[in-house]
Amino acid sequence: MKIEKVLGYDVVASDKEAFLHQVLEDLRAGNQKTVFAINPEKIVTAEENLLVKEMLHEADYLIPDGNGIVYASKKLGGGIRQTITGVDLAQDLCRLAGENHYSVFLYGAKEEVVKGAEEKLKEKYGPVIAGRMNGYEKDNEKIIRAINQSGAQILLVALGSPKQEVWMSRYRGRLEGVKILQGVGGSFDVFAGAVARAPKIFRKLRLEWLYRMIRQPSRIKRNVKLLDFMAMVRQAARKNKKA
């Protein structure tokens with residue numbers, strides 16, 4: 001599996017199938033790994049928030065969840081040509097679990113959302129969900145106990161960023177059977193059908209961000225960070241040329 005440095009971060013540069021093969025190897029070997037998504041917004045936020053920067057650097061795998069990462073890689077002479085979105089990867093991990101006799105625990109979101117996600121994932125991939133816990137549960141001892149008692153090897157955490165990354169980094173050592181921990185943001189809403197994904201044409205044209213912004217105008221402020229990200233990429237490109 002290939003890893004590439006993008007603006008100082010080690011990002012998965014292989015395609016999704018190659019990455020899933022690596023994940024399966026980690027599961028079989030019993031290696032515990034965290035999977036965090038990285039995108040332009042998080043990189044800009046990391047410049048302002050030391051905790052976010054630390055979490056990104058501590059991750060075992062950073063997946064390129066955003067076409068901005070593909071753009072930055074190309075601009076800086078790298079080889080990343082495909083995104084690996086968090087929602088797609090989470091679904092593939094459930095499929096992988098079903099095919100290889102592993103199980104998944106869902107933690108995060110509202111109770112009706114995580115319950116709906118569990119039902120939909122079971123319909124699609126069979127009895128792969130070993131348990132669930134909504135994101136409003138505050139007792140971390142109870143959460144950890146439920147995850148451990150479930151026997152799940154894969155944990156999907158939907159608490160939003162950076163809360164989910166902080167939680168995984170802090171408690172991963174106490175999760176006895178879990179080998180793969182992925183932060184999935186709002187993926188449970190998609191699985192449950194509470195939020196629709198962008199139509200295929202938007203995804204094919206790499207404009208899923210635009211669809212989300214049209215549906216949720218409140219995201220405009222978040223997308224302003226793209227301008228800061230573009231400036232960071234241009235600056236890094238200039239440094240590369242001088243070097």
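Here are three short exercises, with worked solutions, on a predicted model.

**Exercise 1. Place Q164 in its surroundings: is the residue buried or exposed, and which backbone nitrogens lie by its side chain?**

Let's start with the secondary structure. Q164 sits in helix α8, which spans residues 163–171.

Next comes accessibility. The relative accessible area of Q164 is 3%. Buried means under 20%, so Q164 is buried.

Now look for partners of the side chain. One of its polar atoms is 3.2 Å from the backbone nitrogen of L159. The backbone nitrogen of G185 is 3.1 Å from a polar atom of the Q164 side chain. Polar contacts are N or O pairs within 3.5 Å, a limit that the 3.2 Å to L159 and the 3.1 Å to G185 both respect.

Finally, widen the view. Leaving out residues up to four places away in sequence, Q164 touches V157, A158 and L159, and also G183, V184 and G185.

**Exercise 2. Describe the salt bridge of E118 and R132: which elements hold the two residues, and how far apart are they in sequence?**

First, the distance. The side chains of E118 and R132 meet at 2.5 Å, N to O, and the cut-off for a salt bridge is 4 Å.

Second, the elements. E118 belongs to helix α6 (residues 111–125) and R132 to strand β6 (residues 129–133), so this pair ties together parts 14 residues apart in sequence.

Third, the accessibility of each partner. E118 has a relative accessibility of 9% and therefore counts as buried. R132, with a relative accessible area of 31%, is partly exposed.

**Exercise 3. Survey the salt bridges: how many does a search of the whole structure find, and which residues are linked in a network?**

Begin with the total: searching the whole structure gives twelve salt bridges.

Then take some individual pairs. E47 bridges to K53, with the closest N and O atoms 3.5 Å apart. Both partners can be classed by accessibility: E47 has a relative accessible area of 47% and is partly exposed, and K53, at 26%, counts as partly exposed too.

Another pair is E137 and K142, whose closest N and O atoms are 3.4 Å apart. K142 is partly exposed, with a relative accessible area of 38%.

To finish, move from pairs to the network. Salt bridges link K16, D92, R95 and E99 in a network, which is a nice group to display together in your viewer.

How values were computed
Residues numbered from 1 in each chain as written. Predicted model: local features only at pLDDT ≥ 70, side-chain atom pairs only at ≥ 80, totals over all residues. Heavy atoms only, no water. Helix = DSSP H or I, 4+ residues; strand = E, 2+ residues; numbered from the N terminus. Buried < 20%, exposed > 50% of the residue type's maximum accessible area, 1.4 Å probe, protein only. Polar contact = N/O pair within 3.5 Å; in protein donor to acceptor, adjacent residues only side chain to side chain. Contact = heavy atoms within 4.5 Å.
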